[in-house]
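Thanks for asking me to look this one over. My notes are below, in numbered points, with the overall picture before the individual residues.

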Amino acid sequence: MSQITVLDAVTAFADWNEPTDAELSAIEAEMPLILADVDLIDAQITAMDDTPNDVDARRVRRALARVLTEYRVLANSTTEAAGGAA
């Protein structure tokens, strides 16, 4: 069995283990999609917890539409940044 040493715990938070500027920029670019996914999950949980009704179904559909829209926007911006479609 592998054991975690104090050195492993200390080096896990070393300065060189921080995200790079490029990684932070990628996360920032994906943030609208991440937030849309969170809204979709929230709508799905709400729909599961309550008696099914039209309002919850509409909320899930709108959240899913937003996720798909944000995904399309992100995919198009990534394609444009890469120099166009192949």
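1. A cut-off to start with, since several points lean on it: buried means under 20% relative accessible area, exposed means over 50%, and partly exposed covers what lies in between. Asp-39, with a relative accessible area of 35%, is therefore partly exposed. Please also keep in mind that this is a predicted model.

2. The overall architecture is simple to state. The protein has three helices and zero strands, and its elements run α-α-α from the N terminus on. Of its 86 residues, 10% count as buried. The exposed area comes to about 7100 Å², and carbon and sulfur atoms supply 60% of that. Among contacts between residues at least 6 apart in sequence, 55% join residues at least 24 apart.

3. Helix 3 deserves a paragraph to itself. This helix spans residues 54-81, which makes 28 residues. From its first C-alpha to its last it reaches 40 Å, close to the 40 Å expected at 1.5 Å a residue. Which residues of helix 3 are buried? They are Asp-56, Ala-63, Val-67 and Leu-74, and what covers them includes helix 2. As general background, an α-helix has 3.6 residues a turn, so residues three or four places apart point the same way.

4. Both ends of helix 3 have a local feature that you may like to look at. At its start, a side-chain oxygen of Asn-53 comes to within 3.1 Å of the backbone nitrogen of Val-55. Just after the helix, Gly-83 takes a positive phi of about 105 degrees.

5. Now for the charged pairs. How many salt bridges does a search of the whole structure find? The search finds two. In one of them, Asp-39 pairs with Arg-66, and the closest N and O atoms are 2.3 Å apart. This pair links distant parts of the chain, with Asp-39 in helix 2 and Arg-66 in helix 3, 27 residues apart. Asp-39 was classed above as partly exposed, and Arg-66, at 34% relative accessibility, counts as partly exposed too.

6. Arg-59 and Asp-42 also meet through their side chains in a salt bridge, at 2.6 Å from N to O. Here again distant parts of the chain are linked: Arg-59 belongs to helix 3 and Asp-42 to helix 2, 17 residues apart. Are these two residues buried or partly exposed? Arg-59 counts as partly exposed because its relative accessibility is 36%, and Asp-42 counts as partly exposed at 38%. In general terms, side chains of opposite charge can pair when their charged atoms come close.

7. Thr-46 offers another view of how helix 2 meets helix 3. Thr-46 lies in helix 2 and, at 21% relative accessibility, counts as partly exposed. Which residues does Thr-46 contact, leaving aside its neighbours within four places in sequence? They are Asp-56 and Arg-59. Asp-56 is one of the buried residues of helix 3, while Arg-59 is the salt-bridge partner of Asp-42. Thr-46 and Asp-56 are ten residues apart in sequence and 7.3 Å apart in space, C-alpha to C-alpha.

8. Ser-77 is worth a look as well. Its place is in helix 3, and with a relative accessible area of 36% it is partly exposed. Ser-77 and Ala-29 are 48 residues apart in sequence, yet 9.3 Å apart in space from C-alpha to C-alpha.

9. My last point concerns the surface. Leu-24, Ile-27, Met-31, Ile-34, Leu-35 and Val-38 form a nonpolar patch there, with about 470 Å² of accessible area together. Ile-34, a member of this patch, is found in helix 2, which covers residues 21-49. Its relative accessible area is 34%, so Ile-34 is partly exposed.

Notes:
Residues are numbered from 1 along each chain as its sequence is written. This is a predicted model: local features need pLDDT of at least 70, side-chain atom pairs count only at pLDDT 80 or more; totals for chains, interfaces and linings use all residues. Side-chain values use heavy atoms; hydrogens and water are left out. Patches are made of residues with over 30% relative accessible area and no salt bridge: like charges are joined within 9 Å, nonpolar side chains (Val, Leu, Ile, Met, Phe, Trp, Tyr) within 5 Å. Accessible areas come from the Shrake-Rupley method with a 1.4 Å probe; for residues, only the protein chains shown count as cover. A salt bridge is a side-chain nitrogen of Lys or Arg within 4 Å of a carboxyl oxygen of Asp or Glu. Helices (H or I, at least four residues) and strands (E, at least two) are DSSP runs, numbered from the N terminus. Buried means under 20% relative accessible area, exposed over 50%, partly exposed in between (1.4 Å probe, protein chains only). The expected span of a helix is 1.5 Å times one less than its number of residues. Contact means heavy atoms within 4.5 Å. A polar contact is a pair of N or O atoms within 3.5 Å; within protein, one must be able to donate a hydrogen and the other to accept it, and residues adjacent in sequence count only if both atoms are side-chain atoms.
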